[in-house]
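Here are some short exercises to work through with the structure open beside you. Try each task before you read its solution.

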Amino acid sequence: MIVPSPLQASDPGAPRGRSPALLLEMARVHEEQGDYSGASKSCREALRIYTSLNDDEGRAEALCCLGSVERLEKDYKSAESSYSTALGIYTRLDNNPGRADALWGLADTHRIQGQRESAVSRYAEALGLYKTLGNDAGQAQALCGLAMMHGIHDQYDKAVSSYSKALQIYANLSSEVGRAEVLWGLAGLHLSKMRFEKAISNYLEALEIYKSVGNQRFEADALWALAEAHFRNVDDDKAAYFYSQLITVLGKIGNEQGKASALRSLAATHQRRKQYEEAVSAYCKAMQISNSVGDQAGRDKSLKGLEEVYIGDEDESGKADALRAIANWHCCRKEFEEAVSCYSKAMDVSVNLGNEIGRAKALLGLAEVHRHQNQYNQATLIYSQVFSIYTILGDDRGRADALRRKLEIYPINGDQIGKAQGLWDLGHFHRWLKEYQKAAECYSGALEIYTSLGDQTGKADALRGLATICRARGGHDEAFACYSDAMQITVDLGDETGRAKVLWGLAEVHCDTGDYRMGSQYYAQALQLCPDLGPEDKRAHLLWGPLRPSPSIGEWDDDPLFR
């Protein structure tokens, strides 16, 4: 809350460009916008200047302004000290407007700290002074303070009456920030009596005001209050909406701990709606943020939330997700035994539910645990299991992910052949997804390894893979060159199947260039060498006539992996 104080005239002797009165005005603007750091800096600079000028009245005003910022920053001891020093100066100077402001500041600081009698006494004294002075804004603030104390003492009607008087004063003064503050107080009062509709209405009105003045910190407070009010009223859809809005605002102002806390609240909302996957996701995000800022308590709360999902999910649909998340957490902390236990339980739950994707994810976690412990053979075997599951499910991206993870192991355990095979397989996935640059890089990597190892069969396969990429990109000459090199290798090796595949690829390139006669001839040679190479229902079409275009590469692939 901003204490209404008249601006002190700047001393002509003050340094140019640093008027203490202007600095205090800037501090009030910063405070209104929620920039407490900027406000504190301006207050302290003004205080320094007034002190150097021996201007007690200006010094007292700066102390009141600083006390307000310290109170909002929850540095209550410093705020009490600033207000008390200011009150002493104003009393000595017989400055009643200043005394009223300092009394109000002290009252509010005592209220927050639970010093009820002192707070009521000072609010009442400040209100009397403001009335005598005809200071309406001051009266409104003192009335708000007394309303809060009435609320604390469960004097609901008196509290509403005081808030209503303050609201009318602020409306007369056209003070939107003042109105928002009174609305906030009224909302809290209604909420304490479980009058959710009235509370939510007041919070919404306050929220719109804070948005209009650009105070994102107070906007976040209002969003949080709205989310909590809806949650308490068991309106989970609206609670989730406001928590989501809150998370966005907290992200903008850089309040990471607040963001983690809001994510946990959002997770609890999802959990109550039995949206276990969403709950696990929110808890995991919260845990990640808490971990990044070193908030141990926040991490523990997120982990506890995940455990509650596991325990509370009666139909078990979210148990596996929660267990995997807990396992991930143990894995990050290198608590591998606990991680293996959770991943294994998650896999059992997924198997019982017939959830193959969940099973694959749990296996992937187990593989990662083995990899972190340098148990590369076990990790590789499990990655192969994951690959097989995604193959059955037809999930190309899942298969590709399993392959990538295997590829990361091969350089570590020195399995160059395995790495080359993995690159070759991965090239197929990228080609099938039309990610031709990535596919070319994989095939080239495989070609380099096979060449260095003298593996001619692997080299021919890699060349054939590169040729398909050249063809897909329209580089027919490059495709012919790759196929020609591959053909020579297959002939030297006496590899009839490999030769048939190369002939098949050459047929495709010829048809792409419009040479269907030559294309048909190559198809015929390929099928003569390997009758099972093409789909049975397409063979007649391939041999039908010289002027027929080749089948689309999207209909089937020349490699059995994609048939």
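Before starting, keep in mind that this is a predicted model.

**Exercise 1. Getting an overview**

Find how many helices and strands the chain has, and what share of its residues is buried.

Solution. Start with the secondary structure: the chain has 27 helices and zero strands. Next, turn to burial: of the 563 residues in the chain, 50% are buried. Finally, look at the contacts between residues at least 6 apart in sequence: 53% of these join residues at least 24 apart.

**Exercise 2. Helices H6 and H7**

Work out how H6 and H7 are oriented to each other, and which residues make their contact.

Solution. Two packed helices are described by the angle between their axes and by the distance between those axes. Step one is to take both values: H6 (residues 116–133) packs against H7 (residues 136–152) at an angle of about 155°, and the axes are 9 Å apart. Step two is to classify the angle: angles over 145 degrees count as roughly antiparallel, so H6 and H7 are roughly antiparallel to each other. Step three is handedness, and here H6 passes H7 in a left-handed crossing.

Step four is the contact. On H6 the residues include Ala119, Val120, Tyr123 and Leu127, and on H7 they include Ala142, Leu143, Leu146 and Met149. Sorted by class, the contact of H6 with H7 has twelve nonpolar, three polar and two charged residues.

**Exercise 3. A second pair, H18 and H19**

Repeat the procedure for H18 and H19: at what angle do they pack, and how far apart are their axes?

Solution. H18 covers residues 356–372 and H19 covers residues 376–393; they pack at about 165°, with their axes 8 Å apart. Because of this angle, H18 is roughly antiparallel to H19. The crossing of H18 and H19 is left-handed. Among the residues that make the contact are Leu363, Leu364 and Ala367 of H18, along with Ile382, Tyr383 and Val386 of H19. Charged residues take part too, including Glu356 and Arg359 of H18. By class, the contact of H18 with H19 has 14 nonpolar, three polar and five charged residues.

**Exercise 4. Two arginines**

Decide whether Arg99 and Arg217 are buried or partly exposed, and list their contacts beyond sequence neighbours.

Solution. Begin with Arg99, which lies in helix H5 (residues 96–112). Its relative accessibility is 19%, and since buried means under 20%, Arg99 counts as buried. The side chain of Arg99 makes a polar contact of 3.2 Å with the side chain of Asn96. Leaving out residues up to four places away in sequence, Arg99 touches Leu87, Tyr90, Thr91, Glu125 and Leu129.

Now take Arg217, in helix H11 (residues 216–232). Arg217 has 40% relative accessibility and therefore counts as partly exposed. Setting aside neighbours within four places in sequence, Arg217 is in contact with Gly34, Tyr36 and Ile253. Gln33 is 184 residues away from Arg217 along the chain, and their C-alpha atoms are separated by 7.9 Å.

**Exercise 5. Two residues of H13**

Determine what surrounds Ala267 and Thr269, and whether each is buried or exposed.

Solution. Ala267 sits in helix H13 (residues 256–272), and Thr269 is in helix H13 as well. With a relative accessible area of 0%, Ala267 is buried; Thr269 is also buried, with a relative accessible area of 0%. Then compare the partners, not counting residues within four places in sequence. Ala267 touches Ala279, Ala282 and Tyr283, while Thr269 is in contact with Phe231, Asp236, Ala239, Ala240 and Tyr243.

**Exercise 6. Positive phi**

Locate Asn54 and Lys74, and state what is notable about their phi angles.

Solution. Most residues other than glycine have a negative phi. Asn54 is not a glycine, yet its phi is positive, at about 55°. Asn54 is in the loop between helix H2 (36–52) and helix H3 (56–72), and at 66% relative accessibility it counts as exposed. Lys74, also not a glycine, has a positive phi of about 65°. Lys74 is in the loop between H3 and helix H4 (76–93), and is exposed, with a relative accessible area of 62%.

Technical notes:
Residues numbered from 1 in each chain as written. Predicted model: local features only at pLDDT ≥ 70, side-chain atom pairs only at ≥ 80, totals over all residues. Heavy atoms only, no water. Helix = DSSP H or I, 4+ residues; strand = E, 2+ residues; numbered from the N terminus. Buried < 20%, exposed > 50% of the residue type's maximum accessible area, 1.4 Å probe, protein only. Polar contact = N/O pair within 3.5 Å; in protein donor to acceptor, adjacent residues only side chain to side chain. Contact = heavy atoms within 4.5 Å. Axes fitted to C-alpha atoms, helices over the stretch in contact; angles between N-to-C directions. Parallel < 35°, antiparallel > 145°, perpendicular 65-115°, else oblique. Left-handed = near helix turned anticlockwise from the far one by under 90°.
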